[in-house]
Amino acid sequence: MLAVLLLPILSIKGVLIDNDIANMSTFKCLKDNGFDFVTVIANFESGKIMPFTVNYLKTAKAAGLNTDILFIPCRGLGAKQQITELLK
């Protein structure tokens with residue numbers, strides 16, 4: 001006898017944003033087309049925080065998307081300094 005276990009699968013769609021060309025209409029379009037979340041790259045490999053990161057997080061949330069950040073560790077800076085810069 002063959003037993004089959006069927007489990008519900010939660011599928012979500014997201015996108016990674018790594019440039020400064022998105023705006024509110026971009027995020028609303030993503031939401032309207034079934035996307036659930038946006039991940040924003042927070043910093044350059046040099047450790048410098050990307051200037052659009054905070055604005056993108058706020059704008060994506062305002063459009064109804066969940067947000068996350070991708071933080072790229074930098075060898076030239078200590079971990080504490082990198083996190084302090086990110087949280088400013």
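**Close-up 1. Strands E2 and E3 lie side by side in this predicted model.** Strand E2 covers residues 37–41, and five bridges link it to E3 in the parallel sense. To find your way along the pair, start at Thr39, whose bridge partner in E3 is Asp68. Strands of a sheet pair through backbone hydrogen bonds, either parallel or antiparallel.

**Close-up 2. On to the pairing of E1 with E2.** These two strands run parallel and are joined by four bridges. A handy landmark here is Gly14, which stands opposite Phe37 in E2. Between the two strands, the chain passes through helix H1, residues 24–32, and the resulting β-α-β crossover is right-handed.

**Close-up 3. The whole sheet comes into frame, with its three strands in the order E1-E2-E3.** The sheet is open and its pairing is parallel. Which strands form the edges? They are E1 (14–17) and E3 (66–70), each of which pairs on one side only. On average, neighbouring strands of the sheet are turned by 20° against each other, direction ignored.

**Close-up 4. Here we zoom in on Thr39, a residue of strand E2.** Is Thr39 buried or exposed? Its relative accessible area is 15%, and because the cut-off for buried is under 20%, Thr39 counts as buried. Setting aside neighbours within four places in sequence, Thr39 is in contact with Val15, Leu16 and Ile17, and also with Asp68, Ile69 and Leu70. Asp68 in that list is also the bridge partner of Thr39 in E3.

**Close-up 5. The largest nonpolar core is the subject of this view, and it has 14 residues.** Phe27, Val38, Val40, Tyr56 and Leu65 have the most contacts inside it. H1, E2 and helix H2 (53–62) each supply at least two residues of the core. In soluble globular proteins, nonpolar side chains tend to be buried together.

**Close-up 6. Tyr56 and its surroundings round off the core.** Which residues does Tyr56 touch, not counting those up to four places away in sequence? They are Ile17, Asn19, Asp20, Ile21, Ala22, Phe27 and Val40. Of these, Phe27 and Val40 are also listed among the core residues with the most contacts.

**Close-up 7. Our last view turns to the confidence of the prediction.** The protein averages a pLDDT of 82, with 88% of the residues scoring at least 70. Confidence is highest in H1, at a mean of 93, and lowest in helix H3 (residues 79–87), at 80.

Note on methods:
Residues are numbered from 1 along each chain as its sequence is written. Side-chain values use heavy atoms; hydrogens and water are left out. Two strands pair if DSSP finds at least two bridges between them. Axes are lines fitted to C-alpha atoms, for helices over the stretch in contact, and angles run from 0 to 180 degrees between N-to-C directions. A crossover is right-handed if, with the strands pointing away from the viewer, the path from the first strand over the helix to the second runs clockwise. pLDDT is the predictor's confidence in each residue, from 0 to 100. A nonpolar core is a set of buried Ala, Val, Leu, Ile, Met, Phe, Trp, Tyr and Cys residues joined through side-chain atoms within 4.5 Å. Buried means under 20% relative accessible area, exposed over 50%, partly exposed in between (1.4 Å probe, protein chains only). Contact means heavy atoms within 4.5 Å.
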